[in-house]
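Me: I am new to this structure. Please walk me through it with short questions.

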Amino acid sequence: MKEIDWSSLAFGYMPTDYNVRINYRNGEWGKLEVSSSAYINLHIAATALHYGQEAFEGLKAFRGKDGKIRIFRLEENAKRMQSSCEGILMAKLPIDRFKEAVLEAVRLNERFVPPYESGASLYIRPLLFGTEAQVGVKPASEYMFIVFVSPVGPYFKTGFKPSPYAILRHFDRVAPLGTGRYKIGGNYAASLMAGEEAHKRGYSAVLYLDAKEKKYLDECGPANFFGIRGNSYITPKSESILPSITNNSLMTLAEDLGMTVECRPVPVEELATFDEAGACGTAAVISPVLKVDDLDENKSYVFSKDGEAGPVCTKLYNKLRAIQYGDEPDTHGWVTIVE
Ligand SMILES: *Cc1c(COP(=O)(O)O)cnc(C)c1O
């Protein structure tokens, strides 16, 4: 086997040895199957392809200084996938089966878990989708659950640096009472155009507003948003935001650090009062926000004058990473050690 250059890994797909699968047929989930093929045999009329019956998860495994592999918030990801299944009427995978599959996928691909020193990690991608043939619009009665993994590099290759975000008022990601709170592929399809426009204009992502009134902050395409003001951690609350497990963890850590946590509707203008801001998700933990340009309104909110991440974002980022790699004790029971 060719040696992997861990330090030059990007956030992308790299083939590994195995993936695992569990099929749902006749009203029950079957046995876990191990596959060395990266392909599936799918019916051309599968509901996943036509009606978007597809949900996914994203979590990571880390190798610690002690050589042990730690999976971060396995149970929470299992629960969120169940919620997504409920949201688009798919068969719900039991929590234990989710855990079993993720653990097996990591064990089988252990050689792809990057060494501690590299700052890289193993990205774990569970997905669940309707496989049964339907032409009429209705939920499938057969599903497939797959877990594959891919080693990914440290998100910040040139250090923990803020980047610019844009508000594009002529796009919505999701509807106010729609599917925004579920982690489903369709929401991502709906965000691609806005994301492309933001990139073309030099921004790293879009910060969405609430679709109904365009008055409140929602979230960034694939990440939640938070602001820091004095000793407060402030993050938008809305029915259309995907409940980020990273955000949930950061709120707990902020409280541990003696901060006040506010999860409530956040008016756009409040951006002007934040000392720091960040986007948060599994890929980067925190992406510090340099500024938010509200392009259609010709307004700009700046959070970093010197181009460096603020002290609170930095502290929270380091704290969470330390728990993930096992450098600090896991006092909240967030880590599953792979035996
Ligand atoms: C996955 C996701 C996030 C981040 O969630 P984490 O659990 O922190 O990785 C945020 N927003 C959307 C829309 C997502 O799909």
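What follows is a set of questions and replies on helices, cysteines, the surface and charged pairs.

Reply: This is a predicted model, where local features need pLDDT of at least 70, side-chain atom pairs count only at pLDDT 80 or more, and totals for chains, interfaces and linings use all residues. Residues are numbered from 1 along each chain as its sequence is written, and side-chain values use heavy atoms, with hydrogens and water left out.

Me: How far apart are the end C-alpha atoms of helix α2?

Reply: Helices are DSSP runs of H or I, at least four residues, and strands are runs of E, at least two, numbered from the N terminus. The expected span of a helix is 1.5 Å times one less than its number of residues. Helix α2 has 14 residues (74-87), so 20 Å is expected. The end C-alpha atoms agree with that, at 20 Å.

Me: Which cysteine sulfur is nearest to that of Cys-220?

Reply: A disulfide is a pair of cysteine sulfur atoms within 2.5 Å. The whole structure has zero disulfides. Cys-220 is thus in none, and the nearest cysteine sulfur, 8.1 Å away, belongs to Cys-280.

Me: Is Cys-313 buried or exposed?

Reply: Buried means under 20% relative accessible area, exposed over 50%, and partly exposed in between (1.4 Å probe, protein chains only). Cys-313 has a relative accessible area of 0%, so Cys-313 is buried.

Me: Where is Val-135?

Reply: Val-135 has a relative accessible area of 68%, so this residue is exposed. Its place is in the loop between β7 (121-130) and β8 (143-152).

Me: How many residues apart are Glu-308 and Lys-161?

Reply: A salt bridge is a side-chain nitrogen of Lys or Arg within 4 Å of a carboxyl oxygen of Asp or Glu. Glu-308 and Lys-161 form one, with the closest N and O atoms 3.7 Å apart. Glu-308 sits in the loop between β17 (299-302) and α7 (311-324), and Lys-161 in the loop between β8 and β9 (163-167); the two are 147 residues apart.

Me: Which strand holds Asp-294, the partner of Arg-169?

Reply: Arg-169 and Asp-294 form a salt bridge, the closest N and O atoms being 2.7 Å apart. Asp-294 is buried, at 1% relative accessible area. Arg-169 is in the loop between β9 and α4 (185-189), while Asp-294 is in strand β16.

Me: How many salt bridges are there?

Reply: Side chains of opposite charge can pair when their charged atoms come close. Arg-229, Glu-262, Arg-264 and Glu-270 are linked in a network of salt bridges. The count comes to 21.
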